[in-house]
Amino acid sequence: MKPGAGFGTHGHRDMEILSYVLEGGLEHKDSTRGGGVIRPGEIQLMRAGTGVTHSEYNASKTEPVHFLQIGRHALDDAPRRRRGAAHALAPGRHAWVHVARGSVALGGRALEEGDGAAVSEEADVQLAGHGDAEVLLFDLA
């Protein structure tokens, strides 16, 4: 998002929204009196429930902000930053892997920054990192 740019007040309901900042600062304000600046490596989970309005702006007038925002209905557990190279999947579960930074190998297949991959019918997710990769892993029903 360009310096000073953003999304004015808008509403959501019956969903949860995860914001993950890679660079810069994302200023958030919402109708539950929540707010603040989300910085790199921080995660914000907003639960819209019966309804919430919010706005998001680049906190800087000179530097861009780079962030990911994922909306999900009925999310049981908030995704979290992981340092391990493997994640077990219970029977009948699936996974989504998103490479936020760097590159990784998923089951021998190279994934680069911005790539995503679905994993189904596997007992686990095996990731091999290359340098300082950042990966979001979602364990899904």
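Let's start with Ser-60, which sits in the loop between strand 6 (52-58) and strand 7 (66-72). The model you are looking at is a predicted one. Its secondary structure comes to 12 strands and 0 helices, so loops like this one are handy places to begin a tour, since a loop is where you pass from one strand to the next.**Around Ser-60**
- The side chain of Ser-60 reaches the backbone nitrogen of Glu-63 at a distance of 2.8 Å.
- Setting aside residues up to four places away in sequence, Ser-60 touches Pro-3 and Gly-4.

**Another loop: Gly-51**
- You will find Gly-51 in the loop between strand 5 (43-47) and strand 6.
- Is Gly-51 buried, partly exposed or exposed? Its relative accessible area is 40%, and because that value lies between the 20% and 50% cut-offs, Gly-51 counts as partly exposed.
- Gly-51 and Arg-13 are 38 residues apart in sequence, yet their C-alpha atoms are 4.2 Å apart in space.
- When residues up to four places away in sequence are left out, Gly-51 touches His-12 and Arg-13.

**The whole protein**
- Read along the sequence, the pattern is β-β-β-β-β-β-β-β-β-β-β-β.
- Taken along the principal axes, the C-alpha atoms fill a box of roughly 40 × 35 × 20 Å.
- Of the 141 residues in the protein, 35% are buried.
- The accessible surface comes to about 8300 Å², and carbon and sulfur atoms account for 49% of it.
- Among contacts with a separation of 6 or more, 69% are between residues 24 or more positions apart.

**Strand 9 and its partners**
- Strand 9 (94-106) is joined to strand 10 (residues 109-112) by 4 bridges, and the two run antiparallel.
- One pair to look for is Ala-105 with its bridge partner Ala-110 in strand 10.
- Strand 9 and strand 10 form a hairpin with 2 residues between them. In the turn, Gly-107 has a positive phi of about 55°.
- Strand 9 also pairs with strand 11, again in the antiparallel sense, over 4 bridges.
- Which residue of strand 11 is the bridge partner of His-98? That partner is Gly-116.
- Strand 11 has two faces: Ala-117 and Val-119 are on the covered one, while Gly-116 and Ala-118 are on the uncovered one.

**The nonpolar cores**
- In soluble globular proteins, nonpolar side chains tend to be buried together.
- Here, the largest nonpolar core has 13 residues. Those with the most contacts inside this core are Val-97, Val-104, Leu-106, Leu-111, Val-119, Val-125 and Leu-127.
- Strand 9, strand 11 (116-119) and strand 12 (124-140) each supply at least two residues of the core. The largest share, 5 residues, comes from strand 9.
- Leaving aside its neighbours within four places in sequence, Leu-127 is in contact with seven residues that you can pick out one by one: Ala-85, Val-97, Val-104, Ala-105, Leu-106, Val-135 and Leu-137.
- A second, separate core has 8 residues, including Tyr-20, Leu-22, Leu-68 and Phe-138.

How values were computed. Residues are numbered from 1 along each chain as its sequence is written. This is a predicted model: local features need pLDDT of at least 70, side-chain atom pairs count only at pLDDT 80 or more; totals for chains, interfaces and linings use all residues. Side-chain values use heavy atoms; hydrogens and water are left out. A nonpolar core is a set of buried Ala, Val, Leu, Ile, Met, Phe, Trp, Tyr and Cys residues joined through side-chain atoms within 4.5 Å. Buried means under 20% relative accessible area, exposed over 50%, partly exposed in between (1.4 Å probe, protein chains only). Contact means heavy atoms within 4.5 Å. Two strands pair if DSSP finds at least two bridges between them. A polar contact is a pair of N or O atoms within 3.5 Å; within protein, one must be able to donate a hydrogen and the other to accept it, and residues adjacent in sequence count only if both atoms are side-chain atoms. Accessible areas come from the Shrake-Rupley method with a 1.4 Å probe; for residues, only the protein chains shown count as cover.
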